[in-house]
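Q: Please pick one part of this model and take me through it slowly, residue by residue. After that, follow its contacts outward into the surroundings.

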Amino acid sequence: METTELIAHLNEEGRLLAGAAAAAGPDAAVPTCPGWRIGDLLRHTGMVHRWAAAFVAERHTEYRPAAGDPDLDGAALLDWFREGHGLLVDALSNAPDDLDCWTFLPAASPLAFWARRQTHETAVHRADAESALGEPGPVPQRLAADGVDELLCAFHGRRRSPVRTDAPKVLRVRTTDTGDVWTVRLSAEPPRAERSSEGPADCELSGPAGRLHLVLWNRLPLTAVTLDGDADIARLWREKSAITWA
């Protein structure tokens with residue numbers, strides 16, 4: 001996806017997140033993040049937004065830790081979240097194409113990385129906020145497919161991925177509306193994902209991109225999509241694939 005398109009989605013997903021949070025209230029439980037309430041979700045996502053905005057706006061070329069969560073609640077916390085989201089959108093919108101700063105996943109450029117990563121960060125947490133009101137709405141098709149690609153090929157392409165199998169297995173992921181297919185080869189080594197439908201698969205997950213995206217990010221149950229083949233592989237994904245803040 002083009003960077004400008006991602007930033008537009010970031011703007012909209014943050015707006016929707018804030019709206020769902022306001023409707024649910026700061027003390028509402030977040031079913032997709034057990035133990036969290038809406039206030040926790042706003043503090044976390046707002047902290048990440050400001051952390052990312054600093055790399056882009058201040059051109060930091062080395063890792064810097066994020067600031068702690070704010071001692072805010074209620075309307076003040078929601079205002080703080082909205083302000084930080086705006087700072088991030090502005091930083092990305094005004095950054096030069098040749099931006100040089102620290103990143104942590106492969107990308108065409110630092111600007112492309114931060115636009116992509118923060119858009120998907122916000123889209124997933126928008127779904128979290130909506131889960132406090134009921135089942136979260138899907139991520140838009142193209143954005144969802146790109147989010148699946150980031151998760152499979154970038155996050156779980158790193159050596160630190162804990163998704164491993166004793167014997168080699170193949171997981172296939174197929175969107176039924178955007179025509180995207182990924183083949184993920186699992187073994188005792190880090191997963192190897194590629195955009196391909198070649199060869200047999202031990203397990204296939206398929207469905208609309210928006211729902212498949214939330215299933216792979218563990219925001220919807222496996223029953224939200226179609227599962228063919230070895231269900232143990234799909235359950236292994238759910239048990240091992242979580243991306244956590246560290």
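**An aromatic pair and its surroundings**

A: Let's begin with tryptophan 51 and phenylalanine 55, which sit four residues apart, about one turn, in helix α2 (helices, H or I of at least four residues, and strands, E of at least two, are DSSP runs numbered from the N terminus). Please keep in mind that the model is predicted, with local features needing pLDDT of at least 70, side-chain atom pairs counting only at pLDDT 80 or more, and totals for chains, interfaces and linings using all residues. Residues are numbered from 1 along each chain as its sequence is written, and side-chain values use heavy atoms, leaving out hydrogens and water.

Tryptophan 51 and phenylalanine 55 are both buried (under 20% relative accessible area, with exposed over 50% and partly exposed in between, for a 1.4 Å probe and protein chains only). The structure holds 16 aromatic pairs (rings of Phe, Tyr and Trp, the last by its six-membered ring, with centres within 6.5 Å; planes under 30 degrees apart are stacked, over 60 edge-to-face, the rest tilted). In the pair of tryptophan 51 and phenylalanine 55, the ring centres are 5.2 Å apart and the planes stand at 90 degrees, so this is an edge-to-face pair. Another edge-to-face pair joins phenylalanine 104 and tryptophan 114, with centres 6.2 Å apart and planes at 80 degrees. Since phenylalanine 104 is in the loop between α3 (74–94) and α4 while tryptophan 114 is in helix α4, this pair ties together parts 10 residues apart in sequence. The two partners differ in exposure: phenylalanine 104 is partly exposed at a relative accessible area of 28%, whereas tryptophan 114 is buried at 0%.

The two pairs belong to one aromatic cluster, whose members are Trp51, Phe55, Tyr63, Trp102, Phe104, Phe113, Trp114, Phe155, Trp217 and Trp245. Setting aside residues up to four places away in sequence, tryptophan 114 touches Trp51, Ala52, Phe55, Val56, Leu92, Cys101, Trp102, Thr103 and Phe104 (contact means heavy atoms within 4.5 Å).

Tryptophan 114 also has a place in the wider packing. The largest nonpolar core has 72 residues, and Leu92, Trp114 and Leu171 have the most contacts inside it (such a core is a set of buried Ala, Val, Leu, Ile, Met, Phe, Trp, Tyr and Cys residues joined through side-chain atoms within 4.5 Å). Helix α2 (residues 38–58) supplies the largest share of this core, 10 residues. In soluble globular proteins, nonpolar side chains tend to be buried together.

From the loop that carries phenylalanine 104, we can move on to leucine 105, also found between α3 and α4. Leucine 105 is buried, at a relative accessible area of 6%. Beyond four places in sequence, leucine 105 touches Phe113, Arg117, Glu150, Ala154, Phe155 and Arg158. The C-alpha atoms of leucine 105 and glycine 157 are 9.3 Å apart, though their positions lie 52 residues apart along the chain.

Helix α4 (residues 110–131) also contains histidine 120, which counts as buried at 0% relative accessibility. Apart from neighbours within four places in sequence, histidine 120 is in contact with Leu143, Asp146, Gly147 and Glu150.

Leu143 and Asp146 lead us to a helix pair. Helix α1 (residues 3–24) and helix α5 (residues 141–154) pack at about 105 degrees, their axes 11 Å apart (axes are lines fitted to C-alpha atoms, for helices over the stretch in contact, with angles from 0 to 180 degrees between N-to-C directions). That makes α1 roughly perpendicular to α5 (65 to 115 degrees; under 35 is roughly parallel, over 145 roughly antiparallel, the rest oblique). Here Glu5, Leu6, His9 and Glu13 of α1 meet Arg142, Leu143 and Asp146 of α5. By class, this contact of α1 with α5 has two nonpolar, one polar and four charged residues (Ala, Val, Leu, Ile, Met, Phe, Trp, Tyr, Cys and Pro are nonpolar, Asp, Glu, Lys and Arg charged, and the others, Gly among them, polar).

Helix α1 packs on α3 as well, at about 180 degrees and with the axes 10 Å apart; α1 and α3 are therefore roughly antiparallel. Among the α3 residues that α1 meets is Leu92. The contact of α1 with α3 divides into 11 nonpolar, five polar and two charged residues.
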